[in-house]
Amino acid sequence: MMIDWKKIDTVLLDMDGTLLDLNFDNHFWKEFVPLKFAQLNNISINLAKQQLEPQFKSMEGTLEWYCLDYWSDALALDIAGLKSEISGLIAVLPHVIEFLEKLQQSSQKVMLVTNAHRDSLDLKMETTCLQPFFNTIISSHDLGFPKEDSRFWQLLEQSYPFNKKTTLLIDDSFSVLNAAKLFGIAHLISVSKPDSSQPKKTVIDYSAIEDFRELMIGL
Ligand SMILES: [Mg+2]
């Protein structure tokens, strides 16, 4: 058994790459945005990719990286509008609904804790109908720091009190798990297949699930 559910009373769940297929975001940023950027600037897609890659890279792990307004300004594209254009690609990962239903029947407090911008979060909740499964939905933009930053966790604890020792965080990002670990969250689990179109990731530092059936034992 990967988790002793008797020791947990709060479950913090990441959205993209944990509950939802990262294929949408990967496709959006790596293919669809470069295509639209190329059309707007009358350049080739390859050149657009070359120009965008270092821009994306330099913002990784910052709140701006997750901010649709920032990228709309920086690239002169309607990023939120483009996201809804391909919203058909938004998909829930296998066995997530079963897991959330089981959590709902349990006494666990369930919080969605995401770096996604409110516009992106709203679009994804509208598309997937997952909203009712959560007691609370938190976007790191509301707190002013990304989940990779220790200040996010301090502010989260102040705003939505939880006991670090009895809290489980499931997140596909290692930098987020590292920050949560440093803050003192006792139970941490990673995801080895955040993008259904990519091969399984090797995870060394954390226990990792391939899908949520592995966590349903004992829940
Ligand atoms: Mg994620």
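## A tour of a two-domain chain

Start by colouring the two domains: their centres, taken over C-alpha atoms, sit 25 Å apart. Keep in mind as you click around that this is a predicted model. For the colouring, domain 1 takes residues 5-21 plus 91-215, while domain 2 takes 24-88.

**Stop 1: where the domains meet**

Select the contacts between the two domains. You'll find 18 residues of domain 1 in contact with 13 residues of domain 2. Which elements give two or more residues to the domain 1 side? They are α6 (118-128) and α7 (140-143). The largest share, 4 residues, comes from α6. Now colour that side of domain 1 by residue type: you should get 6 nonpolar, 7 polar and 5 charged residues.

**Stop 2: helix α6**

Stay with α6 and show the side chains of Ser120, Leu121 and Lys124, which are buried. Next, turn the view until you look straight down the axis of α6. The buried residues fall within an arc of 100°, so they line one face of the helix. Here's the background: an α-helix has 3.6 residues a turn, so residues three or four places apart point the same way.

What covers those buried residues of α6? Switch on α3, α4 (79-85), β2 (109-114) and β3 (136-139), which are among the elements that do it. Before you leave, click on cysteine 129, which follows α6 and has a positive phi, near 60°.

**Stop 3: tryptophan 71**

Jump to helix α3, residues 68-75, and pick out tryptophan 71. Is tryptophan 71 buried or exposed? It counts as buried because 23 other C-beta atoms lie within 10 Å, and the cut-off for that label is 20 or more. Try the distance tool too: from the C-alpha atom of tryptophan 71 to that of threonine 10 you should get 34 Å, and these two residues are 61 apart along the chain.

**Stop 4: zoom out**

Finally, show the whole chain as a cartoon and look for 9 helices and 6 strands. The radius of gyration is 18 Å, close to the 17 Å that the globule rule gives for 219 residues, so the chain is as compact as a globular protein of that length. If you draw a box around the C-alpha atoms along the principal axes, it comes out at roughly 60 × 35 × 30 Å.

Colour by burial and 35% of the 219 residues count as buried. For a last look, turn to contacts between residues at least 6 apart in sequence: 66% of them join residues at least 24 apart.

Methods:
Residues numbered from 1 in each chain as written. Predicted model: local features only at pLDDT ≥ 70, side-chain atom pairs only at ≥ 80, totals over all residues. Domains from an automatic or database assignment. Contact = placed C-beta atoms within 7 Å. Nonpolar A, V, L, I, M, F, W, Y, C, P; charged D, E, K, R; others polar. Buried ≥ 20, exposed ≤ 12 C-beta atoms within 10 Å, placed from the backbone. Rg over C-alpha atoms; globule rule 2.2 N^0.38 Å. Arc of directions from axis to C-beta.
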